[in-house]
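The following exercises concern a single protein chain. Each task is followed by a solution that proceeds step by step.

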Amino acid sequence: MARIPLDPPRTLLNRITAWYSKRTYGKVIDPLLALAHHPKVLMTDARFEKSVARWNKLDSGLKELAVMASASTIGCSWCMDFGYWLSHNQGMAQDKLRDVPRWRESDAYTPLERDVMEYAEAMSLTPPAVEDDLAERLRRRLGNEAFVELTAMVAVENLRSRINSALGLTSQGFKDSCDVPARPAL
């Protein structure tokens, strides 16, 4: 249960934000409702996320796996739910999405994807536990720009996941809209 009411004042800014969220995601996302209690935080977050969305040096599939591995490590169910939905809509294979919390045991990932998820997990621990050899492997495979972007994306997801978890935000059912419904018994 959310630790802050998800019914912020109905200011013009909050109504515009809600309209944008419904248009983009099909519903008003809870993090926006939570942040809407503080307009400056909401606007700063919106500008920041718009800027982050323009980063393009890291493969989008690797980026999504890093984000979800970080969210899983932190334990943010809202971020896992939303991340599953976003990644599914970008065409990521369902076995990869489903197996993120148990990526070490899964056969769904390439060696590079495994390194990316290991890096995201290591960065998301407190304190971070990134090993030099892993960072060097990734830097060599990805190049400097993409490696910096990977590092920044994991840090961004740490910010998102920690805010959402601390505010008590949980799944909004995004993943449910991706699952194939069971066929009715005949």
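**Exercise 1. Placing two alanines**

In which helix is the place of Ala71? Determine also whether Ala71 is buried or exposed, and treat Ala53 in the same manner.

Solution. The model is a predicted one.

Step 1. Ala71 belongs to helix H4, which spans residues 60-74.

Step 2. The relative accessibility of Ala71 is 1%. Buried residues have under 20% relative accessible area, so Ala71 counts as buried.

Step 3. The C-alpha atoms of Ala71 and Asp133 are 23 Å apart in space, and the two residues are 62 residues apart in sequence.

Step 4. Ala53 is in the loop between helix H3 (39-52) and H4. Its relative accessibility is 65%. The threshold for exposed is over 50%, so Ala53 counts as exposed.

Step 5. Ala53 and Leu159 are 106 residues apart in sequence, with 15 Å from C-alpha to C-alpha.

**Exercise 2. An aromatic cluster**

Classify the ring pair of Tyr25 and Phe82, then that of Trp78 and Phe82, and state which residues form one aromatic cluster with them.

Solution.

Step 1. A pair of aromatic rings is described by the distance of the centres and the angle of the planes. Under the pairing rule, eight aromatic pairs are counted.

Step 2. For Tyr25 and Phe82, the ring centres are 5.2 Å apart and the planes stand at 75°, so this pair is edge-to-face. The pair links distant parts of the chain, 57 residues apart: Tyr25 lies in helix H1 (residues 12-25) and Phe82 in helix H5 (residues 77-89).

Step 3. Tyr25 has 23% relative accessibility and therefore counts as partly exposed. Phe82, at 10%, counts as buried.

Step 4. Trp78 and Phe82 form a stacked pair, with 4.8 Å from centre to centre and 20° between the planes. Because Trp78 and Phe82 are four residues apart in helix H5, about one helical turn separates them. Both residues of this pair are buried.

Step 5. One aromatic cluster is formed by Tyr25, Trp78, Phe82, Trp85 and Phe174.

**Exercise 3. Charges over rings**

Over which rings do the charged ends of Lys27 and Lys175 sit?

Solution.

Step 1. The charged end of Lys27 is placed over the ring of Phe174, at 4.5 Å from the ring centre. Phe174 is itself one of the residues in the aromatic cluster of Exercise 2.

Step 2. For Lys175, the ring is that of Tyr84, and the charged end is 4.9 Å from its centre.

**Exercise 4. Salt bridges**

How many salt bridges are counted? Describe those of Asp99 with Arg98 and with Arg102, and that of Glu121 with Arg104.

Solution.

Step 1. The count comes to 11 salt bridges.

Step 2. In the salt bridge of Asp99 with Arg98, the closest N and O atoms are 3.6 Å apart. Asp99 also meets the side chain of Arg102 in a salt bridge, at 3.4 Å from N to O.

Step 3. Asp99 has a relative accessible area of 5% and is therefore buried. Arg98 has 53% relative accessibility, so this residue counts as exposed. Arg102, with a relative accessible area of 40%, is partly exposed.

Step 4. Glu121 and Arg104 form a salt bridge with an N to O distance of 2.6 Å. This pair links distant parts of the chain, 17 residues apart: Glu121 is in helix H7 (residues 111-124), while Arg104 is in the loop between helix H6 (94-99) and H7. Arg104 is partly exposed, with a relative accessible area of 46%.

Step 5. Glu49, Glu157 and Arg160 are joined into one network by salt bridges that share partners.

**Exercise 5. Cysteines and a nonpolar patch**

How many disulfides does the structure hold, and which residues make a nonpolar surface patch of about 220 Å²?

Solution.

Step 1. The structure holds zero disulfides. Cys76 has 1% relative accessibility and so counts as buried. Cys79, with a relative accessible area of 8%, is buried.

Step 2. The patch of about 220 Å² is made by Phe48, Leu159 and Ile163.

Step 3. Ile163 lies in helix H9 (residues 144-166). Its relative accessible area is 33%, so Ile163 is partly exposed. Patch residues must have over 30% relative accessible area, and the 33% of Ile163 fits that cut-off.

Notes:
Residues are numbered from 1 along each chain as its sequence is written. This is a predicted model: local features need pLDDT of at least 70, side-chain atom pairs count only at pLDDT 80 or more; totals for chains, interfaces and linings use all residues. Side-chain values use heavy atoms; hydrogens and water are left out. Patches are made of residues with over 30% relative accessible area and no salt bridge: like charges are joined within 9 Å, nonpolar side chains (Val, Leu, Ile, Met, Phe, Trp, Tyr) within 5 Å. Accessible areas come from the Shrake-Rupley method with a 1.4 Å probe; for residues, only the protein chains shown count as cover. A salt bridge is a side-chain nitrogen of Lys or Arg within 4 Å of a carboxyl oxygen of Asp or Glu. Buried means under 20% relative accessible area, exposed over 50%, partly exposed in between (1.4 Å probe, protein chains only). Rings of Phe, Tyr and Trp (its six-membered ring) pair if their centres lie within 6.5 Å; planes under 30 degrees apart count as stacked, over 60 as edge-to-face and the rest as tilted. A charge sits over a ring if NZ of Lys or CZ of Arg is within 6 Å of the ring centre and within 35 degrees of the ring normal. A disulfide is a pair of cysteine sulfur atoms within 2.5 Å.
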